Amino acid sequence: MAFFSRRRKKPGRTSSVDARPNSRESSRDNKERTTQSLLLSPALEENLSHLKKIFTDCSDVVFREFLFAQREQIKLALVYIDGLTNKSQVSDQIMRALSLEVPAATDNTAITKANALHYVKMRGLCVHQVKETEKLQEAVDAILSGDSILLVDGHATAVINGSRGWEARSIEESQIQGVVRGPRESFVETLRTNTSLLRRKVKNKDLKIESLTLGEVTRTDIAVAYLKGIVNEGLVTEVKQRLARIKIDGILESGYIEELIRDNPMSMFPTVGYTDRPDRVAANLLEGRVAIFVDGTPMVLTVPHFFVEAIQTPEDYYEQSIFTTFVRLLRIGSLIIALTLPSLYVSIISFHQEMLPTPLLLSIAAQREAVPFPVFVEALLMEIAFEIIREAGIRLPRQVGQAISIVAALIVGQAAVQAGLVAGATIIVVALTAMASFVVYYSGSLAFRLLRFPLMFLAASFGLFGLIGGLIVIVVHMTSLRSFGVPYLAPIGPLVPGDLKDSFVRAPWWAMKKRPHLVGQNNPVREVSGMRPKPPQSTTQKGGDADAGRRQN
Amino acid sequence: MERVRISPLQGAMLLVTTITSTAIILLPGAIAGRDAWLATLGGLAVGLVMAVTISFLGQRFPGETIIEYTEILLGKYIGKTVSALFLTFFGYLAALTLWDFGVFISSSLLVGTPMMAINIIGILVATYTARYGLEVIARVNQIFLPLIIISVLLASIIVFTMPKTSLAHILPVLENGTKPLLAGTAKVADWLGEVIVLSMVIPFLYPQKHSRSVAMVSVLISSLILLLVSLVVVATFGDISPTLFFPFYSAVLLIEISRVLRLDVVITTIWIIGSFIKISFLLYILAHGTAQWFKLVKHNFLIMPLAVIILSLSLIILKSVAEYQSISLQISGYLLFISLVLPAFLLLTAIITGRTTGKKDVK
């Protein structure tokens, strides 16, 4: 029925069709509207029964009724969720303060039932964050987010006390992007802690953190952070629009959001970045990007995300630039190895043997003499074996880790070679490929991990020609990608000469005067020019070492 | 339709790839023997004339491609006929490129593999690329062209440093009279005439005022690369170079570094990238031009059928390398007629009738 009425609905029809509550959506809207519009009543009992009805079968909700200090007629009730509130704060600063300490602070006779709310708020509560509401829905939301609600008899107002405090993981070292030099802290699962970590990095009023709630059931808090004045306003609007479009029952991790806001939903390449490091988020915001925090996960999304970010780490900007340039070149080499080494091996062994030096070719041929499979099958088997070991390494319980690593190393590695099932050279190629794929940013290398297999197939069928054809298809695909409207391969294709300073190389800080062009063009200048350090003038004038030597004599 | 824009640098790089990617493999000037370098210079002169013609036409009709302004200039019926000539030219060029590509790979990298298999891979990649449009082709080319040029330079330097190579081989000049030189000039000019594809790209150039320098610079750089390669080939092979079908490849085959690593596979693999891009680009242009010829708004759905046509053409267009060598001058004549005579005629018509759309559509 609902299907038909929706199909028949055409622009210009009368609105009677729309008004009928025939679809699930509109009936839910109705229900929401009734709860939304409900106001609190002055009677405490009525409010409590309302709340108790709402929280039926919620055993973790606490309804605590008590009396205002020395006033039998003023009843108070505190509603909160056990475990989400800070217990000592609730008992000391709210209940103890209201039931015992108010008389000491104020004229005893002045308190009546009529002005109780005023005294509760102004004298009684020792909570740092207090808000009032008259709407039932707001009170329920506050309870669910961990605040406690104080209801005062005779007043149609609920006092929301900011008493959130739950068991949370403490701030630890980043698990996915470790550094030798640089800050150690990483984000945790609590949104507010995460934004505070960011605020500590960027002490500026222009750091805007806008919040919204997504997930019809989970009501997950989301925060969109950006630096006003640096970020392109259009980007912020676009991010907010894409977020506002999301209507889903639950958001449990930022990955949900990532998949819902991407430009190219079916691409293997990540066009939304994520990190658990506050310094990386701060650096991204300073370049004009937007960060999306999701409550309940330490992974913060950053958009737009470029391919070159796969070879950038936070440490690159703390360590000296020349060394960083070397490491970046190493990472590019690793990326190429991770993608092409197995297929290159397959194509050389099966088609272009002349490329290898004769002694090497002879030794590989000797190793492969006993191997019963073509090199493609051999390499494919080993690659799959390695993927299995890798997956097992992530999922297996810690206790059996040792056993698995012995099995993997001995059986799959050494025993396979000794049994003549695979050549030693294949093991080396597979191991090198595997190591190389870990050098770069984790999710940036996922696509390459997968694309190895079709490339190996092409290499086995057409040699280097097939490999190069496959590579061109990959590059074409990557070139066509966009992240929030910005080309994914940005500084390389399209070529942005100025941004190459922070791609394959990392220029010293005094040379990177501009923000990346495609994200930071709103406010391009990052620093004043002419900051290149120079030795002090006086040393050279006075003759440096010679002068010092004379003084010693 | 979405707004497609490429920068003058990207445009010039695309033209360089289009001209050089097959030219370094077949080396058109080699037919002139020792005088290949002179033939290249002669071809450059003709090429510059073509570049100027095309860019003048582009300036008169900044918003239109050659398919559109031919019709504006010559009227509906004659115009349609002439622009159909251009379209067949693009199609023929794409098929010829694919044929070159197949022949080269089946005789260098994959000896014994049927040409059809190679051409199918080539056209599949080209179809995939062309569907993403001009911007993506231009960007991909921007990534790969430096690699191609570096590989050519590297190969040239290594060949030059080999003991048997000597620049003295370019003497005597005009050993066999001017006839081989003229033939070589015509062939080089026919390759440089591929600059005519710029006439399909000018509407997308931004900023557009650089279109003339794009044409000139790309012709100049392409002929410099050809000049270098011709010198390498002549310095290596002397007067036997006309008998070689892939002269530069033969020179690269001689490379041996410390007797072990043969660079030819790596270098030729990199050259192939250029051919892939060239076929994609020509396929895109053909589809775009065909759509304009039929006055269609979108061209993406034309890419697949046109790709099939080009693939079949590439398999029947020439029977063998020997046939190509025997009729290569006739082919050059046809290509030069389309890329030199027709545009010049169009420009002349435009000047005489004073037709231009330049005023209303400058952006």
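Here are three short exercises, with worked solutions, on the contacts in this predicted model.

**Exercise 1. Work out how much chain B and chain A bury between them, and which kinds of contact join them.**

Step 1: start with who touches whom. Contact here means heavy atoms within 4.5 Å. On that basis, 30 residues of chain B meet 25 residues of chain A.

Step 2: turn to area. The two chains bury about 2500 Å² between them, and carbon and sulfur atoms supply 81% of it.

Step 3: look for charge pairing. You won't find any salt bridges between chain B and chain A: the count is zero.

Step 4: check the polar contacts. Two residue pairs turn up across the interface of chain B and chain A, both at pLDDT 80 or more.

**Exercise 2. Describe the side of chain B that touches chain A, by element and by residue class.**

Step 1: list the elements of chain B that give two or more residues to this side. They are α1 (8-26), α4 (76-107), α5 (115-131), α6 (134-160) and α11 (264-293).

Step 2: sort the residues by class. This side of chain B has 22 nonpolar residues, along with five polar and three charged ones.

Step 3: put that next to the area. Nonpolar residues number 22 on the chain B side, and 81% of the area buried between the chains lies on carbon and sulfur atoms.

**Exercise 3. Now go inside chain A and characterise the contact of domain 2 with domain 3.**

Step 1: get your bearings. Chain A splits into domain 1 (37-161), domain 2 (191-305) and domain 3 (337-487). Taken over C-alpha atoms, the centres of domain 2 and domain 3 of chain A lie 35 Å apart. Each of these two domains puts 17 residues into the contact.

Step 2: size it up. Domain 2 and domain 3 of chain A bury about 1500 Å², with 70% coming from carbon and sulfur atoms. On the domain 2 side, A:Met268, A:Phe269 and A:Tyr274 lose the most area to domain 3, together 42% of what that side buries.

Step 3: count the pairs. Between domain 2 and domain 3 of chain A there are zero salt bridges, but six residue pairs are in polar contact, both residues at pLDDT 80 or more.

Step 4: find the elements. On the domain 2 side, α9 (233-244) and β8 (273-275) of chain A give two or more residues. The largest share, four residues, belongs to α9(A).

Step 5: finish with class. The domain 2 side that touches domain 3 of chain A divides into nine nonpolar, five polar and three charged residues.

Terms used
Residues numbered from 1 in each chain as written. Chains lettered and ligands numbered in written order. Predicted model: local features only at pLDDT ≥ 70, side-chain atom pairs only at ≥ 80, totals over all residues. Heavy atoms only, no water. Buried area = accessible area lost by both parts, 1.4 Å probe. Salt bridge = Lys/Arg side-chain N within 4 Å of Asp/Glu carboxyl O. Polar contact = N/O pair within 3.5 Å; in protein donor to acceptor, adjacent residues only side chain to side chain. Nonpolar A, V, L, I, M, F, W, Y, C, P; charged D, E, K, R; others polar. Domains from an automatic or database assignment.
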